Each structure stands twice: as C-alpha cells, then as structure tokens.
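Trainee: Could you go through this model with me? I would like to understand the reasoning behind the labels.

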Amino acid sequence: MDLSERTLRLENVRDGVSFEVRPRRVTALFGSDDASNLLTVALGLVRPEQGRVTVDGVDLDDLDPSAWWSEVAWVPRRPALVAGSIAENIRMGWSATDAEVADAARAAGLDGTLDAVVGEDTRADDRRQRIGLARVFLRNSAVVLLDEPTAMLDADGEEALAVLRRLVAGRTVLLAVHRPALLAIADVVIAVPALVPA
C-alpha cells in the first residue's frame, strides 16, 4: 500500500471535529491534550466513539492492518526503549545496515557512539525522544504521526526544530502540539478545544 499520495480523513470523530491530512503536508493539531488523543484514533489504536477514519474514502477498519502499519510511523511523547545500545534501539528489529542506522542517528541529532547504552547518563530522556525520531528517518515512512515531538528537547530549541524540519520534508505528517513554536513547521493548523465532560 503506497500512502504517499493518499488523504487521511477523520470525520466527526468527536463533537464537531472533522479534518483531513493531505499528502506531503504537515497538519498540526494545536491546543488541548485531546489533540494527542486524536492521534491514537488516526492510528487505529483507538476506535472513535462516533464518526470514522478513512484513507482516500476507505474506512480504516477495512484496510489491511499490516500494510497500514508498514507505512505509518508513530512517535509518542515517550518512545519505547529496550535494554541495549542506541543503535539497537533505533533499529528495533528493522533490517538496516550500520551505516543507515548511523545516518538516521545523525539526522535526529544523536551525538556520541551508537554503542552507548541507553539510560546510562542524565540525557536518557533526551535520547529517548531522539531515538524515536531516528526510527522515522531509518524507516523513511510515508505517513508520520508525532505527539509533542520536542517535549524532552527544550534545551536544544532551534536545533530540535531543525531536526523536525528535516523529518517532515516530503512526508504526510499529523502532529499534536501544545507549543506555538512548533507551528512553524505546519502547513495547516487545526485548533482542538478541550473536550468538556458531559
């Protein structure tokens, strides 16, 4: 399944919220934590209580899950890590050469040796988020969903933004953000108000 030219659409998935993510554009959901919740719906991890999610008009439930996941990259706020080196955590079972892993690490702004054990120093959280971004560079996914991708990179500011600009170039991206600075990389911004409990 080639998702690079397909449109992802969320139709009335919660009260009054409908939007589309067009090919090779960056769509930012800005505002409340409900923006992050909408990412899990778009991924198919959570079924919407109402409405539907479609890819070029085809309901997400009708797509082959393995084909969908093979082309969609998901970077949560705290990407999962395994015991092992930075290189092993970037690769995460993905077939890639050492050179490809090193290129992905550099693109994500990871410095130092790829043999370093994750969590061995105080920069573990910083590394965690950069490892998540490096996985996207390595897989070169057509569609990328990012949840507050610089939450742990405050100290790096402009450099972190430069990493994101490299990552989103030419991809279809849905981004949940709570910081206005990240809106600079978006083509489309959708305000997401907090859901008021009934």
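Trainee: Happy to start at the surface. Which residues make the nonpolar surface patch of about 260 Å²?

Mentor: Leu45, Val46 and Trp69 make that patch. Keep in mind that we are looking at a predicted model. Leu45 sits in the loop between H1 and E4.

Trainee: Why does Leu60 count as buried?

Mentor: Its relative accessibility is 12%, and buried means under 20%, so Leu60 counts as buried. Leu60 lies in the loop between E5 and helix H2 (65-71).

Trainee: What does Leu60 touch, not counting residues up to four places away in sequence?

Mentor: Its contacts include Val41, Ala42, Val53, Val55 and Trp68. Leu60 and Arg9 are 51 residues apart in sequence, yet their C-alpha atoms are 9.6 Å apart in space.

Trainee: Now the sheet. What makes E2 and E5 edge strands?

Mentor: The open sheet has four strands in the order E2-E1-E4-E5, with antiparallel pairing. Strand E2 (17-21) and strand E5 (58-59) each have a single partner strand, so one side of each is left without a neighbour in the sheet.

Trainee: How do you know that E1 and E2 pair?

Mentor: Pairing takes at least two bridges, and E1 (residues 8-14) and E2 have four, in the antiparallel sense. Since four meets that cut-off, we call them paired. Leu10, for example, has Phe19 in E2 as its bridge partner. Helix H1 (residues 34-43) packs on the sheet, touching E1, E2 and strand E4 (52-55).

Methods: Residues are numbered from 1 along each chain as its sequence is written. This is a predicted model: local features need pLDDT of at least 70, side-chain atom pairs count only at pLDDT 80 or more; totals for chains, interfaces and linings use all residues. Side-chain values use heavy atoms; hydrogens and water are left out. Helices (H or I, at least four residues) and strands (E, at least two) are DSSP runs, numbered from the N terminus. Contact means heavy atoms within 4.5 Å. Axes are lines fitted to C-alpha atoms, for helices over the stretch in contact, and angles run from 0 to 180 degrees between N-to-C directions. Patches are made of residues with over 30% relative accessible area and no salt bridge: like charges are joined within 9 Å, nonpolar side chains (Val, Leu, Ile, Met, Phe, Trp, Tyr) within 5 Å. Accessible areas come from the Shrake-Rupley method with a 1.4 Å probe; for residues, only the protein chains shown count as cover. A salt bridge is a side-chain nitrogen of Lys or Arg within 4 Å of a carboxyl oxygen of Asp or Glu. Buried means under 20% relative accessible area, exposed over 50%, partly exposed in between (1.4 Å probe, protein chains only).
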